[in-house]
Amino acid sequence: MQILTPHVYWAQRHAEIFLRVELSDAKNLDISLHQNNTLHFRALGHGAKGDNEYKFSLEFLEPVKPEIDHRSTQRQVDIKIRKQRERWWDRLTLQEKKPLFLAPDFDRWLDESDAETELQAQEEQKISKINVESRVREDPYLGLKKGYLFMYNLVQFLGFSWIFVNMTVRLFILGQDSFYDTFHTTADMMYFCQILAVFEVVNPLLGLVKTGLYPAMIQVAGRNVVLFVIFGCLEEMQSKPIVFFVFYAWSSIEIFRYPFYMLACISTEWKLLTWLRYNLWIPLYPLGVISEAVAVIQSLPIFDETRLFSLPLPGFSGRSVSFSYTLQIYLVLMFLGLFVNFRHLYKQRQRRYRCRKRKTH
Ligand SMILES: CCCCCCCCCCCCC[C@@H](O)CC(=O)SCCNC(=O)CCNC(=O)[C@H](O)C(C)(C)COP(=O)(O)OP(=O)(O)OC[C@H]1O[C@@H](n2cnc3c(N)ncnc32)[C@H](O)[C@@H]1OP(=O)(O)O
């Protein structure tokens with residue numbers, strides 16, 4: 001039997017060296033370290049030249065620790081070696097010329113600055129773990145708070161799911177006809193969910209969640225104006241198709257946002273759900289605001305006609321200022337609110353993916 005050299009791929013971190021030996025079903029592994037910096041490898045396995053004995057030696061640039069971790073899988077042999085001094089190496093081997101059988105492992109490859117970022121992220125993770133653990137020790141009501149938040153999110157999730165499923169099923173069955181009675185079929189549940197949504201503002205006020213207070217206020221107040229004032233008070237608005245678009249935009253995001261929070265309460269994360277929570281708003285938020293704006297615009301002549309909520313002018317008997325003027329100011333506020341919340345959601349998204357990127361690199 002010939003003795004051959006396998007292909008070896010390598011990568012490093014500040015503290016470790018990773019070697020991947022391309023040898024499947026490796027047996028009789030003999031991996032040893034000599035004089036602190038020379039690795040000898042010998043094994044029987046299936047490599048580039050079929051079933052054979054393969055071996056190689058590597059004299060490392062600097063001394064490494066004597067203990068070697070290795071794991072043989074069906075496809076390869078993974079070896080992890082710890083450096084004696086935690087520092088970045090310019091190359092793997094003492095000899096400047098790279099051995100022919102050695103190549104970078106691009107699956108694991110990081111350059112020095114990426115490796116530093118990874119190290120930093122690991123440190124931050126450790127610190128936040130310690131913080132969480134100490135918070136758990138410090139806060140005797142943490143379980144109660146998490147339980148309350150979990151229940152709150154569950155109820156909202158069920159409420160918005162009911163609305164979303166109801167509207168979707170009716171859309172499939174009735175087509176466009178379903179637009180006209182969205183309000184009559186789903187308003188009670190929407191009232192319930194949006195009254196409950198006042199807790200979106202209460203929760204950060206009580207320090208239960210890290211939500212920005214103003215974005216939450218804008219969100220809740222903005223939706224409740226449309227729901228209770230525009231749709232709730234004007235019967236003429238209730239049978240308009242725009243109700244469908246407003247309710248659909250709201251419920252489409254909430255069926256993902258609330259389960260995302262539920263999982264956060266039990267320290268769990270589903271990548272797809274996180275992705276949906278932090279991306280779906282990009283098309284939905286402008287669509288939602290545009291739909292709400294259309295609803296407000298459609299209500300203006302109705303307020304002019306019915307004089308509902310109009311402000312009596314003192315000294316001008318029988319004359320009043322129509323509520324539609326207030327709503328026109330509100331329309332401007334809406335777009336300011338859209339800007340504030342869009343920026344907030346964008347920052348939340350950046351924050352989430354910055355943390356994730358650090359974790360996965
Ligand atoms: C009468 C005067 C009226 C004046 C108002 C005038 C302006 C009106 C403007 C109206 C515009 C509104 C338009 C709107 O209605 C349109 C739509 O909604 S369209 C549909 C699309 N919409 C969306 O996508 C927005 C959905 N809403 C939100 O995302 C939130 O409400 C918002 C406050 C905007 C942002 O959320 P938040 O700041 O909480 O961000 P995060 O989700 O990243 O959470 C931060 C951390 O807090 C934890 N958290 C938050 N809530 C909970 C909870 N309930 N349970 C558990 N944990 C929670 C979350 O996990 C994050 O923690 P970590 O950082 O550790 O991950």
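The protein contains 10 helices and 11 strands, where helices (H or I, at least four residues) and strands (E, at least two) are DSSP runs numbered from the N terminus. This is a predicted model, in which local features need pLDDT of at least 70 and side-chain atom pairs count only at pLDDT 80 or more, while totals for chains, interfaces and linings use all residues. Residues are numbered from 1 along each chain as its sequence is written.

Buried residues account for 24% of the 361 residues in the protein; a residue is buried if 20 or more other C-beta atoms lie within 10 Å of its own, exposed if 12 or fewer, and partly exposed in between, with C-beta atoms placed from the backbone. The largest nonpolar core, a set of buried Ala, Val, Leu, Ile, Met, Phe, Trp, Tyr and Cys residues joined through C-beta atoms within 7 Å, has 35 residues, and those with the most contacts inside it are I230, F231, V243, V246, F247 and A295. At least two residues of this core come from each of α2, α3 (182–196), α5, α7, α9 and α10, and α7 gives the largest share, 11 residues. Leaving aside residues up to four places away in sequence, A295 touches V226, I230, M237, I242 and V246, contact meaning that C-beta atoms, placed from the backbone, lie within 7 Å. A second, separate core of 18 residues includes L19, A26, L39 and Y54.

Turning to the ligand, 37 residues surround it, the closest being T211, G222, W281, G288 and G337; a residue is near if its C-beta atom, placed from the backbone, lies within 6 Å. Helices that each supply at least two residues of this shell include α5 (213–233), α7 (242–265) and α9 (281–306).

Helix α9 deserves a closer look. Its 26 residues reach 36 Å from the first C-alpha to the last, close to the 38 Å expected at 1.5 Å a residue, the expected span being 1.5 Å times one less than the number of residues. A bend of about 30° occurs at L300, and a proline, P301, follows within four residues; the bend is the angle between axes fitted to the seven residues ending there and the seven starting there. Buried residues in α9 include W281, G288, E292 and A295.

Two backbone details round out the picture. R307, in the loop between α9 and β10 (311–312), has a positive phi of about 60° although it is not a glycine. D25, in strand β4 (residues 24–34), likewise has a positive phi, of about 50°. Most residues other than glycine have a negative phi.

Technical notes. Contact = placed C-beta atoms within 7 Å.
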